[in-house]
Each structure stands twice: as C-alpha cells, then as structure tokens.
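Colleague: Could you walk me through this one and say what stands behind each label?

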Amino acid sequence: MPFDPTIVDCWIFDLDNTLYPPSTRLFDQIDQRMGQFIQELLGCDAHEARRVQKLYFHDHGTTLSGLMHFHATEPHEFLGYVHDIDMSPLHAAPRLASRLARLPGRKILFTNGDDAYAARVLAALDLSESFEAVWDIHAMAYRPKPEPSAYTEMIAALAINPDTSVFVEDMARNLAPAK
C-alpha cells in the first residue's frame, strides 16, 4: 500500500543526528564522555572503556542499559555526566521550525537521551515549542529503542495511532520495531 501523507496525524522524531546534522559532531562529545565515565567507573584504560561501551550499546540498546545491568549504575548520574557537553555547535534552525509547524498533527520527540538533555538541544535549535511531548529514556523505564516496549508503551501512554503516524529516525535498527 503506498504511503498517504494526508492520513498522518502524528510525527515522531528521534533527536540526535536527526533534528540536527551529524556534522555538528555533538554525539562525538557524548561518546567521549561515556568513555570517560566508564574509565572512572571500572578503573580501566580508554581502549577497554571503548570496548565495554560499544559492547553494551550493541547488546543492550544503550551503553547506559549495560552499565545499569552489570554495574548498578545510577541512570541520572550517568546521563548528567555524559550530557554535560558544549552545545555551541548547534544553532537556531528557523527553516526546520517552520517546516515542523506546517506538518499537520502532533509532533513527539522520541529519544534514548533524557528530557533535560533534549530540552537543551531543542533550546539551542530554537525548537522548544515544536513538540508537544518528549518520550525519553526515563519514560521508557530504561528499556531503550530498539526494545519493542519502548514503542508500545509510548504509543499507549500518548494515545498514538501507529497506522496514522510517521517515525523519523537516523538509525535503521530503531526503525524495524516501529514497523
């Protein structure tokens, strides 16, 4: 069945590398901070921290999920540390704001980050008023995309009809469960 944009009543957007271009390298800063956090937590070198970080990301959906599972890491502490980054690579995005405003229906932000970080990014992009809700890692009960429950619980909590929704995401692995 061909896509019919006239039936869309909800637009769900990922945050990192979706609402802003990867060329800002914002996530590179987060990646570096994750490595530093793991080095401090485990008392290991940068190489081992990187190995652990990527292993947990691939096996658990996020590095945080792996750290919580294996090391009882407190999520607010981790998220506060890794999201303490320089937002200056981001700039107001008036064209994007205008285009989002023209989309019919609701706009939801769906991120494996937390709401405090999302608010900082949206403010830097001047998009704070563009979304009605943010579904973040806390709302997901730390079961991140691509975990199916992250999607089903958001759909239920925000009364989203999947048949009339569009999900915009930069990672293919996060699109499969949405389908």
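What follows is a chat about the terms used for this model.

Modeller: Ground rules: this is a predicted model, where local features need pLDDT of at least 70, side-chain atom pairs count only at pLDDT 80 or more, and totals for chains, interfaces and linings use all residues. Residues are numbered from 1 along each chain as its sequence is written, and side-chain values use heavy atoms, with hydrogens and water left out.

Colleague: Why is Ser130 called buried?

Modeller: Ser130 has a relative accessibility of 17%. Buried means under 20% relative accessible area (exposed is over 50%, partly exposed in between, with a 1.4 Å probe and protein chains only). Ser130 therefore counts as buried. The residue lies in the loop between helix 6 (115–125) and strand 3 (133–135); helices (H or I, at least four residues) and strands (E, at least two) are DSSP runs, numbered from the N terminus.

Colleague: What does Ser130 touch?

Modeller: Ala97, Leu100 and Lys107, once residues up to four places away in sequence are set aside. Contact here means heavy atoms within 4.5 Å. As for Leu96, which is 34 residues apart from Ser130 along the chain, the two C-alpha atoms are separated by 9.6 Å.

Colleague: And Asp31 in helix 1: what makes this residue buried?

Modeller: The relative accessible area of Asp31 is 15%, so the buried label applies. Leaving aside neighbours within four places in sequence, Asp31 is in contact with Arg50, Gln53 and Lys54.

Colleague: How do you know that helix 1 and helix 3 are roughly parallel?

Modeller: Helix 1 (residues 26–42) and helix 3 (residues 63–71) pack at an angle of about 10 degrees, with axes 12 Å apart. Axes are lines fitted to C-alpha atoms, for helices over the stretch in contact, and angles run from 0 to 180 degrees between N-to-C directions. Angles under 35 degrees count as roughly parallel (over 145 is roughly antiparallel, 65 to 115 roughly perpendicular, the rest oblique). The two helices are therefore roughly parallel to each other. Met34, Phe37, Ile38, Leu41 and Leu42 of helix 1 meet Thr63, Leu67 and His71 of helix 3. By class, that contact has six nonpolar, two polar and no charged residues.

Colleague: What counts as nonpolar there?

Modeller: Ala, Val, Leu, Ile, Met, Phe, Trp, Tyr, Cys and Pro do; Asp, Glu, Lys and Arg are charged, and the others, Gly among them, are polar.

Colleague: What makes strand 3 and strand 4 edge strands?

Modeller: The open sheet of four strands has the order 3-2-1-4, with parallel pairing. Strand 3 and strand 4 each have a single partner strand, so one side of each lacks a neighbour in the sheet. The twist averages 25 degrees from one strand to the next.

Colleague: How do you know that strand 1 pairs with strand 2?

Modeller: Pairing takes at least two bridges found by DSSP, and strand 1 shares four with strand 2 (residues 106–110), in the parallel sense. Phe13 stands opposite Leu109 there. Four bridges also join strand 1 to strand 4 (residues 165–168), where Trp11 stands opposite Val166.

Colleague: Why say that both faces of strand 1 are covered?

Modeller: Cys10 and Ile12 on one side, and Trp11 and Phe13 on the other, are all buried.

Colleague: Which residues touch the most other members of the largest nonpolar core?

Modeller: Leu19, Phe110, Tyr117 and Val121, out of 48 residues. Such a core is a set of buried Ala, Val, Leu, Ile, Met, Phe, Trp, Tyr and Cys residues joined through side-chain atoms within 4.5 Å. Leu19 touches residues including Phe13, Leu96 and Phe131.
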